[in-house]
Amino acid sequence: MSPVSLLLNILWIALGGFWMAAGWVIAAVIMAITIIGLPWARASFNIAAYTLFPFGQMAVPRDALTGREDLGTGPLGMLGNIIWLLFAGWWLALGHLITAVLLAVTIIGIPFAWAHLKLAGIALWPIGKVIVQA
């Protein structure tokens with residue numbers, strides 16, 4: 001991780017990134033309570049780690065990275081994302097959008113607001129994504 005990414009990640013945690021990561025962990029724990037929710041729990045835990053340290057990393061579709069479709073990037077993944085969107089995704093996306101608007105008011109908050117907007121998109125459709133170093 002570059003020094004700039006490290007500094008931005010430290011500021012990110014101090015300016016509220018920890019709370020959004022905690023929201024992802026709460027969603028993951030709720031999903032993991034049932035056997036049916038385990039695929040969503042796994043995706044939530046991965047994105048919780050990404051939400052904690054978003055700078056220097058990026059989310060990409062898994063099939064674009066591996067070059068082949070799998071269970072999470074095919075039709076079942078789409079169905080999983082639709083179910084996720086209805087039950088949890090829009091809540092997390094709304095949290096990221098509200099935080100982005102609040103951070104965008106200040107000049108120093110603009111990079112953090114942009115990161116929240118990226119995370120809001122991922123919150124809507126997380127299944128089939130993988131986190132890689134940027």
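Biologist: What covers the buried residues of H1?

Modeller: In this predicted model, the cover over the buried residues of H1 includes H2, H4 and H5. The buried residues of H1 are Ser5, Asn9, Trp12, Gly16, Gly17, Met20, Ala21, Trp24, Ala27, Ala28 and Met31.

Biologist: How do you know that H1 (residues 3-32) is not a straight helix?

Modeller: Set its span against the expected one. A straight helix of 30 residues would span 44 Å at 1.5 Å a residue, whereas the end C-alpha atoms of H1 are only 35 Å apart. H1 also has a kink of about 75°, centred on glycine 16. Glycine 16 is itself among the buried residues of H1.

Biologist: What makes you say that H4 is kinked, and where is the kink centred?

Modeller: The bend in H4 comes to about 65° and is centred on leucine 85. That bend is the angle between axes fitted to the seven residues ending there and the seven starting there. The span points to a departure from straightness too: H4 (residues 75-104) covers only 36 Å between its end C-alpha atoms, against 44 Å for a straight helix of 30 residues.

Biologist: How does the span of H5 compare with the one expected at 1.5 Å a residue?

Modeller: H5 has 15 residues, and its first and last C-alpha atoms are 22 Å apart, close to the expected 21 Å. The expected value is 1.5 Å times one less than the number of residues.

Biologist: Which residues of H5 are buried, and what covers them?

Modeller: Phe112, Ala113, Ala115, His116, Leu119, Ala120, Ile122 and Ala123 are buried in H5. Their cover includes H1, H2, strand S1 (57-61) and H4.

Biologist: Why does histidine 116 count as buried?

Modeller: The relative accessible area of histidine 116 is 1%. The cut-off for buried is under 20%, so histidine 116 qualifies. Histidine 116 lies in helix H5 (residues 110-124). Leaving aside neighbours within four places in sequence, histidine 116 is in contact with Trp12, Met20, His96, Thr99, Ala100 and Leu103. Of these contacts, Trp12 and Met20 are among the buried residues of H1.

Biologist: What makes the pairing of histidine 116 with histidine 96 a polar contact?

Modeller: The two side chains come to 2.9 Å. The limit is 3.5 Å between N or O atoms, one able to donate a hydrogen and the other to accept it. The pair of histidine 116 and histidine 96 therefore passes as a polar contact.

Biologist: Isoleucine 110 is in H5 as well; why is isoleucine 110 called partly exposed?

Modeller: Its relative accessibility is 47%. Partly exposed lies between the 20% limit for buried and the 50% limit for exposed, so isoleucine 110 belongs there. Not counting neighbours within four places in sequence, isoleucine 110 touches Leu103 and Ala104. The C-alpha atom of isoleucine 110 is 28 Å from that of tryptophan 84, and the two are 26 residues apart along the chain.

Biologist: Is serine 44 buried or exposed, and how do you know?

Modeller: Serine 44 has 1% relative accessibility and therefore counts as buried. Serine 44 is in helix H2 (residues 38-52). Beyond residues up to four places away in sequence, serine 44 touches Trp24, Ala28 and Trp84. Trp24 and Ala28 are buried residues of H1.

Biologist: How many salt bridges are there, and what makes the pair of aspartate 70 and arginine 62 one?

Modeller: The count is 1. The N to O distance between the side chains of aspartate 70 and arginine 62 is 2.6 Å. The limit is 4 Å, so this pair is a salt bridge. Side chains of opposite charge can pair when their charged atoms come close. Aspartate 70 is partly exposed, at 25% relative accessibility.

Biologist: Why is threonine 66 called partly exposed?

Modeller: Threonine 66 has a relative accessible area of 44%, so it falls between the limits of 20% and 50%. Threonine 66 is in helix H3 (residues 62-66). A polar atom of its side chain lies 3.2 Å from the backbone oxygen of arginine 68.

Biologist: Which residues does UniProt list as "transmembrane region"?

Modeller: The unreviewed UniProt entry gives residues 6-36, 43-62 and 82-115. In the model, residues 6-36 are 87% helix and 0% strand, with end C-alpha atoms 37 Å apart. Residues 82-115 are 85% helix and 0% strand, with end C-alpha atoms 23 Å apart.

Definitions and conventions:
Residues are numbered from 1 along each chain as its sequence is written. This is a predicted model: local features need pLDDT of at least 70, side-chain atom pairs count only at pLDDT 80 or more; totals for chains, interfaces and linings use all residues. Side-chain values use heavy atoms; hydrogens and water are left out. Helices (H or I, at least four residues) and strands (E, at least two) are DSSP runs, numbered from the N terminus. Buried means under 20% relative accessible area, exposed over 50%, partly exposed in between (1.4 Å probe, protein chains only). Contact means heavy atoms within 4.5 Å. UniProt positions are given in the numbering used here, feature names are shortened, and annotations may be inferred rather than shown by experiment.
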